[in-house]
Amino acid sequence: MKPNEQTRRLMVGGVPLGGGAPCAVQSMLNTPADDAQTNLDQIERLADAGCEIIRMAIPQRSCLDTFQAVCEASPLPVVADVHFDAEIAIQAARRGAAKLRINPGNIGGPAKTDAVIDAAGEAGIPIRIGVNAGSLDDALKARTDLTLPQKLAASAEEYVGYFHARGFDDVVVSTKASDVPTTIAAYRLLAEKLPSTPLHIGVTEAGTLFQGLVKSASGLGVLLEQGIGDTMRISLTDDPVQEVRACWTLLAALGLRRRGPEIVSCPTCGRCKVDLIGLARAVDDCLQAVHKPLKVAVMGCVVNGPGEAADADIGVACGDGVGVIFKQGETLRKVDETAIVDALMEEIGKL
Ligand code: SF4
């Protein structure tokens, strides 16, 4: 059995986590925490992109009314992200949070942690224990006999043990670092030491779009391929919609989940006689609104073009200023370069 088939099944609103459920895609709102409508607008865009769970920061108690309004109107389960003030977490549990995300290391000590656990228990919602390299407790940080991944895993184990001892088992754990080898090693240790605990995986503070995608795909790709990870977030310094697109693209690339089309496009070379990069980007943009699991080929010339295009559900193999449109192995027609995108989208619409 893979690690994520052995974890305990939890529910975040209507979304199952763990116990062999598909790795759930999540993201975090970055609109102002005191404005319900802008948060709901962003949730709508994220839900359209395939987001399944959304997290919202509650930086101060005055934002709790907004949080409650968002929970009441959101089509996605909303996770309350709380630091430093246990009372905010307690109130969020009572006001509609589908899950709490806390770091017990900064919530104010054991009594405050207990109060948060009790509030989550009463609300019937899980808690994610987030352990970050930047917020390990001083005693653990000072140990020289442990590597950083071992310290992160030890910290998570200690907290999970504490929650279990209090009779609260609905925990999810994350232990993120901003470098990939540490993240991979820490999650491997967690999967071994806490086999029944669902894991939220991610490379934290991964950076801007390009770097963040590469770091996240390399780290999370390794983990997911080994069956580690019950829910995932790809953190990007960008529009959260890109985080959701990236999650789905990674899951599809690994053959784990698919939502929407896959593009097969060539890298172009000196044989190419159309603006293939522009064409592929335009097709990619148009396909964002398509949710069917199709393979769409956009190929630059006759060398590999007809083969790939014919193998796809819909494809084009280009020549000198023209493209031959293929559909499920059948040649349909030749069109001018300027009409290729429309022709492809027209045929996709008929499938
Ligand atoms: Fe070059 Fe043609 Fe291959 Fe594209 S399909 S990379 S244009 S040889």
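**Exercise 1. How much space lies in the largest pocket, and where is this pocket placed relative to the domains?**

Solution. The structure is a predicted model.

Step 1. The space in the largest pocket comes to about 980 Å³.

Step 2. Its lining consists of 28 residues, and R245, A246, T249, D284 and Q288 are the closest to the centre.

Step 3. Two or more lining residues come from each of helix 2 (36-49), helix 9 (209-225), helix 10 (240-253), strand 11 (262-265) and helix 11 (276-287). Helix 10 has the largest share, 9 residues.

Step 4. Domain 1 spans 3-253 and domain 2 spans 262-350; both contribute to the lining, so the largest pocket lies between them.

Step 5. By class, the lining of the largest pocket holds 15 nonpolar, 7 polar and 6 charged residues.

**Exercise 2. Describe the second largest pocket by volume, lining and residue class.**

Solution.

Step 1. The volume of the second largest pocket is about 360 Å³.

Step 2. Among its 25 lining residues, those closest to the centre are M28, R55, T204, R233 and S235.

Step 3. Strand 7 (127-132) and helix 10 are the elements that supply two or more residues to this lining. Strand 7 gives the most, with 3 residues.

Step 4. The class count for the second largest pocket is 5 nonpolar, 11 polar and 9 charged. For the largest pocket, the corresponding count is 15 nonpolar, 7 polar and 6 charged.

**Exercise 3. Which residues of strand 8 point one way, and which the other?**

Solution.

Step 1. In a regular strand, side chains alternate between the two faces of the sheet.

Step 2. In strand 8, V171, V173 and T175 point one way, while V172, S174 and K176 point the other way.

Step 3. Buried means under 20% relative accessible area. By this cut-off, 6 of the 6 residues of strand 8 (residues 171-176) are buried, so the strand is largely enclosed by the rest of the structure.

Step 4. Strand 8 runs parallel to strand 7, and 6 bridges join the two. One of the partners is S174, which pairs with G130.

**Exercise 4. How many cavities of 30 Å³ or more does a search of the whole structure find?**

Solution.

Step 1. The search returns 2 cavities.

Step 2. The largest cavity holds about 50 Å³ of space. Its lining includes P3, N4 and T7, together with A191, L194, P195, T197 and L199, and the run G227, I228, G229 and D230. These residues divide into 6 nonpolar, 5 polar and 1 charged.

Step 3. The second largest cavity has a volume of about 30 Å³. N103, V131, N132, S135, L136, D137, S155 and Y159 form its lining. Two or more of the lining residues come from each of strand 7 and helix 7 (148-165).

Step 4. The lining of the second largest cavity contains 3 nonpolar, 4 polar and 1 charged residues.

Step 5. Strand 7 thus recurs: it contributes to the lining of the second largest pocket and to that of the second largest cavity, and it is joined to strand 8.

**Exercise 5. Is I43 buried or exposed, and which residues does I43 touch?**

Solution.

Step 1. I43 sits in helix 2, an element that also gives residues to the lining of the largest pocket.

Step 2. The relative accessible area of I43 is 0%, so this residue is buried.

Step 3. Leaving aside residues up to four places away in sequence, I43 touches L29, I54, V70, S74, P75 and L76.

Step 4. K151 is 108 residues from I43 in sequence, and their C-alpha atoms are 35 Å apart.

How values were computed. Residues numbered from 1 in each chain as written. Predicted model: local features only at pLDDT ≥ 70, side-chain atom pairs only at ≥ 80, totals over all residues. Heavy atoms only, no water. 1 Å grid on protein atoms, 1.4 Å probe; cavity = no way out; pocket = protein on both sides within 12 Å on 5 of 7 lines; lining within 4 Å. Points joined across faces, edges and corners; volume = space filled by probe spheres on them. Helix = DSSP H or I, 4+ residues; strand = E, 2+ residues; numbered from the N terminus. Nonpolar A, V, L, I, M, F, W, Y, C, P; charged D, E, K, R; others polar. Domains from an automatic or database assignment. Buried < 20%, exposed > 50% of the residue type's maximum accessible area, 1.4 Å probe, protein only. Pairing = 2+ DSSP bridges. Contact = heavy atoms within 4.5 Å.
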